[in-house]
Amino acid sequence: PAHVTVSSSPPFAVASERCAHPTLCWGFGGTLAVAFPTAGKAMVQLTSVASLAGPKAPMVASARDYPGPLLATSDPAEVTRFVGKKVVQPPVSSEDLLWALVHLLCKHNGILDGSGDDESAQELLRTLAACGQQSDRSSLRAQPEQTSEAKRDAAAQLESLLLAGSREAACEHAVAHGMWADALLLSSHMNETIWRSVM
């Protein structure tokens, strides 16, 4: 075995040109460890991050309510309730849309399919339609404002691509022209790679 040499000098002894300084380290469970070196010793202080930010800080409250870590044994109703608190209706930003879609995923056991005639399909389509109406007023992704004529042309082009059987090209066209409800609906009936790229 290799020999370990231990210096008899204090562990925090420093050269005269450099002063001792505190050392910080993030710990488990939201703790912060701070070591303050002094003459030959180090005082270590453990502090809860929640106590530093204050118990009413939004991030602390959200982290406290989080039902994680998420495991196969996690209670789906608890996760759905947590995500449901994040949902803003109608979605006005891409973050709002993401929370709404994650909520639907939780509520319907990980399945988002707008092709059926059941309640889950209707919910998905209503969410996407509300998002589409909002995106007419304030786009979810920065897109130049389109005139009504340009929107009609884009819709007509999308329709002709679909009638020609070019679903992938139609999906790309919908994304390029900010037609998110159409793009999400089309991609949900295509392969997983395309669906993920649209999401």
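This passage walks through a small sheet, two helix pairs and a salt bridge in a predicted model. Local features were kept at pLDDT of at least 70 and side-chain atom pairs only at pLDDT 80 or more, while totals for chains, interfaces and linings use all residues. Residues are numbered from 1 along each chain as its sequence is written, and side-chain values use heavy atoms, with hydrogens and water left out.

Starting with the sheet, 3 strands line up in the order 1-2-3 to give an open, antiparallel arrangement. Helices (H or I, at least four residues) and strands (E, at least two) are DSSP runs, numbered from the N terminus, and two strands count as paired if DSSP finds at least two bridges between them. Strand 1 (23-27) and strand 3 (42-48) sit at the edges with a single partner strand each, so one side of each has no neighbour in the sheet. On average, neighbouring strands are turned by 20 degrees against each other, direction ignored.

Going pair by pair, strand 1 meets strand 2 (residues 31-37) through 5 bridges in the antiparallel sense. Here Leu-24 has Val-34 of strand 2 as its bridge partner, and Gly-27 is matched with Thr-31. The hairpin made by these strands has 3 residues between them, and Gly-29 takes a positive phi near 65 degrees there. On the other side, strand 2 is joined to strand 3 by 7 bridges, again antiparallel, with Ala-35 opposite Val-44 of strand 3.

Now for the helices. The axes of helix 3 (residues 76-86) and helix 4 (residues 94-107) come within 9 Å and cross at roughly 160 degrees; axes are lines fitted to C-alpha atoms, for helices over the stretch in contact, and angles run from 0 to 180 degrees between N-to-C directions. Helix 3 and helix 4 are therefore roughly antiparallel, a label for angles over 145 degrees. Their crossing is left-handed, that is, the near helix is turned anticlockwise from the far one by less than a right angle. Helix 3 brings Val-79, Thr-80, Val-83, Gly-84 and Lys-86 to the contact (heavy atoms within 4.5 Å), and helix 4 brings Trp-99, Val-102, His-103, Cys-106 and Lys-107. These residues split into 5 nonpolar, 3 polar and 2 charged, where Ala, Val, Leu, Ile, Met, Phe, Trp, Tyr, Cys and Pro count as nonpolar, Asp, Glu, Lys and Arg as charged, and the others, Gly among them, as polar.

Further along, helix 7 (residues 167-176) and helix 8 (residues 180-187) have axes that come within 8 Å and cross at roughly 150 degrees, which makes helix 7 roughly antiparallel to helix 8. This crossing is left-handed too. Ala-170, Cys-171, Ala-174 and Val-175 of helix 7 touch Trp-180, Asp-182, Ala-183, Leu-186 and Ser-187 of helix 8, giving 7 nonpolar, 1 polar and 1 charged residue.

Finally, the structure holds 2 salt bridges (a side-chain nitrogen of Lys or Arg within 4 Å of a carboxyl oxygen of Asp or Glu). One of them pairs Glu-123 with Lys-107, the closest N and O atoms being 2.8 Å apart. This pair links distant parts of the chain, with Glu-123 in helix 5 (residues 119-137) and Lys-107 in helix 4, 16 residues apart.

Notes:
Angles under 35 degrees count as roughly parallel, over 145 as roughly antiparallel, 65 to 115 as roughly perpendicular and the rest as oblique.
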